[in-house]
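Open the model in your viewer and keep the selection box ready. Each stop below gives you something to select and tells you what is there.

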Amino acid sequence: MAEDKPLSVVTCTAPVNIAVIKYWGKRDEELILPINSSLSVTLHQDQLKTTTTAAISRDFTEDRLWLNGKENDIGQPRLQSCLREIRRLARKRHSGNGNSGDSSSRSALSLAYKVHIASENNFPTAAGLASSAAGFACLVYALAKLYGVEGELSEVARQGSGSACRSMFGGFVQWVMGQSADGKDSIAQQVAPETHWPELRVLILVVSAEKKHVASTAGMQTSVKTSLLLKHRAEALVPERMSQMTQHIQQRDFEAFGELTMKDSNQFHATCLDTFPPIFYLNDISKQVVALVHRYNAHCGKNKVAYTFDAGPNAVLFMLDDTVDEFVEVVKRSFPPENNGGQFLKGLPVGSATPSEELLSAVVRDPTPGAIQYMLLTKPGPGPALVEDASCHLLGADGLPQSSS
């Protein structure tokens with residue numbers, strides 16, 4: 001019977017983002033309000049995305065959540081914050097409508113129903129690719145579509161994961177730290193759309209997919225308490241860097257963009273080292289990648305590749321499309337894959353290149369086989385999207401996860 005099916009079901013996708021001006025440290029733990037603004041690049045969902053299906057039904061007896069096929073605790077505080085806020089906005093919207101038509105009464109009923117949520121990543125959750133950002137952005141976007149909530153959603157996503165607010169937009173996105181104690185002005189804004197810089201490419205070198213030793217939340221708390229360098233960074237340096245980075249992006253000035261990206265990454269990790277006890281997110285392979293990029297740029301006489309590292313050892317490298325083929329070959333010579341190729345390179349296609357012997361002798365030092373698990377090539381991409389194809393739903397008509405067989 002029709003009543004046995006979910007009253008309503010939606011599926012959405014949302015992207016990963018990589019910060020080029022880093023966010024590290026909160027002034028309010030509960031509302032997730034940062035001590036400085038940040039700026040990121042949204043990566044393309046053809047390569048990296050979270051897919052979330054949300055459904056409400058009169059037959060559901062409790063709210064439930066499945067992540068990558070396994071049931072998870074839906075009582076997790078940050079998840080509850082997002083769910084509670086979307087339902088509050090839905091009630092506000094419903095009461096503000098003031099009409100008693102079918103759609104309105106149906107909406108009122110749906111607010112009393114329980115919700116089932118299923119979410120999947122198409123990338124390793126522990127690979128240091130900010131899965132929580134894509135996950136919470138997708139959750140909030142899907143719930144908003146399900147409950148008919150419109151308007152500013154980055155503030156809601158922020159309450160799940162700080163960087164999730166930036167995944168609510170495509171292209172180049174700033175998270176304005178805001179000043180208000182209630183966080184209403186701590187929101188994300190698009191600086192430029194994904195179409196603004198079509199030549200820009202992003203090469204991710206996955207050094208380790210293991211879970212990091214110090215979780216970001218705990219690391220930030222310790223840094224805020226103990227690092228004077230972090231305080232100096234947030235107050236004296238980041239405001240100017242936000243303005244500079246915005247200008248570099250708007251002018252598509254890769255050399256300046258690349259240099260500031262690397263400097264900001266280095267300084268973020270310096271604040272981790274200045275934390276007490278110190279936090280080490282980079283490992284020996286990360287440091288070898290940094291050295292390789294600097295040797296390559298020195299040989300070329302300008303910044304053609306730029307690195308940034310989040311709270312983990314995996315490198316995210318920016319370059320223009322005319323640099324990709326040669327630099328990928330340089331990476332392969334420096335960190336030869338142990339499996340004779342295989343799926344060492346994923347994502348966008350890469351052409352063949354034969355670097356000069358002069359370049360190789362200047363740049364490739366002491367090759368380290370197997371140090372990099374794989375590379376993934378992507379580019380800037382759009383923000384969250386509604387999936388119209390019902391066959392993509394992760395939940396079946398019974399509100400339970402579809403079998404993957």
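The tour of this predicted model goes from ring pairs to helices and then to backbone details.

**Stop 1: a ring pair across the chain**

Select Trp-24 and Tyr-281 and show their side chains. The ring centres are 5.9 Å apart and the planes stand at 80°, so this is an edge-to-face pair. Now colour by sequence position. Trp-24 is in the loop between strand S2 (17–21) and strand S3 (26–28). Tyr-281 is in the loop between helix H7 (254–274) and helix H8 (284–300). The pair thus links distant parts of the chain, 257 residues apart. Both Trp-24 and Tyr-281 are buried. The structure holds 10 aromatic pairs, this one among them.

**Stop 2: a tilted pair and its cluster**

Next, select Phe-172 and Trp-197. Their ring centres lie 6.3 Å apart, with the planes at 35°. Why is the pair called tilted? Planes under 30 degrees apart would count as stacked and over 60 as edge-to-face, so 35° makes it tilted.

Phe-172 belongs to strand S10 (residues 172–175), while Trp-197 sits in the loop between strand S11 (188–192) and strand S12 (200–206). The pair ties together parts that are 25 residues apart in sequence. Are these two buried or exposed? Phe-172 has 0% relative accessibility and counts as buried. Trp-197, at 2%, also counts as buried.

Add Phe-254, Phe-257 and Phe-318 to the selection. Ring pairs join these three with Phe-172 and Trp-197 in a cluster.

**Stop 3: a lysine over a ring**

Go to Tyr-374 and show Lys-346 with it. Lys-346 lies over the face of the Tyr-374 ring, 4.0 Å from the ring centre.

**Stop 4: helix H3**

Select residues 131–147, which make up helix H3. From first C-alpha to last, the 17 residues reach 24 Å, close to the 24 Å expected. Switch on a surface: H3 is mostly covered, with 15 of its 17 residues buried. Step one residue past the helix to Gly-148, where phi is positive, near 70°.

**Stop 5: two helix pairs**

Show H8 together with helix H9 (residues 321–334). The two axes come within 12 Å and cross at roughly 130°. H8 and H9 are therefore oblique to each other. The crossing of H8 past H9 is right-handed.

Then show helix H6 (residues 228–250) with H7. Here the axes come within 11 Å and cross at roughly 165°. That makes H6 and H7 roughly antiparallel. H6 passes H7 in a left-handed crossing.

**Stop 6: a strand residue and its contact in space**

Pick Ile-18, in strand S2. Ile-18 is buried, with a relative accessible area of 1%. Draw a C-alpha to C-alpha distance from Ile-18 to Ser-163: 8.9 Å in space, against 145 residues in sequence.

**Stop 7: backbone details**

Most residues other than glycine have a negative phi, and most peptide bonds are trans. Three places depart from that pattern.

- Phe-276 and Pro-277 are joined by a cis peptide bond, with omega about -5°. Look for Pro-277 in the loop between H7 and H8.
- Asn-68 has a positive phi of about 50°. This residue is in the loop between strand S7 (64–67) and strand S8 (70–72). At 39% relative accessibility, Asn-68 counts as partly exposed.
- Arg-252 has a positive phi too, near 50°. Find Arg-252 in the loop between H6 and H7. Its relative accessible area is 43%, so Arg-252 is partly exposed.

Conventions: Residues numbered from 1 in each chain as written. Heavy atoms only, no water. Phe/Tyr/Trp six-rings, centres within 6.5 Å; stacked < 30°, edge-to-face > 60°. Helix = DSSP H or I, 4+ residues; strand = E, 2+ residues; numbered from the N terminus. Buried < 20%, exposed > 50% of the residue type's maximum accessible area, 1.4 Å probe, protein only. Lys NZ or Arg CZ within 6 Å of the ring centre and 35° of its normal. Expected span 1.5 Å × (residues − 1). Axes fitted to C-alpha atoms, helices over the stretch in contact; angles between N-to-C directions. Parallel < 35°, antiparallel > 145°, perpendicular 65-115°, else oblique. Left-handed = near helix turned anticlockwise from the far one by under 90°.
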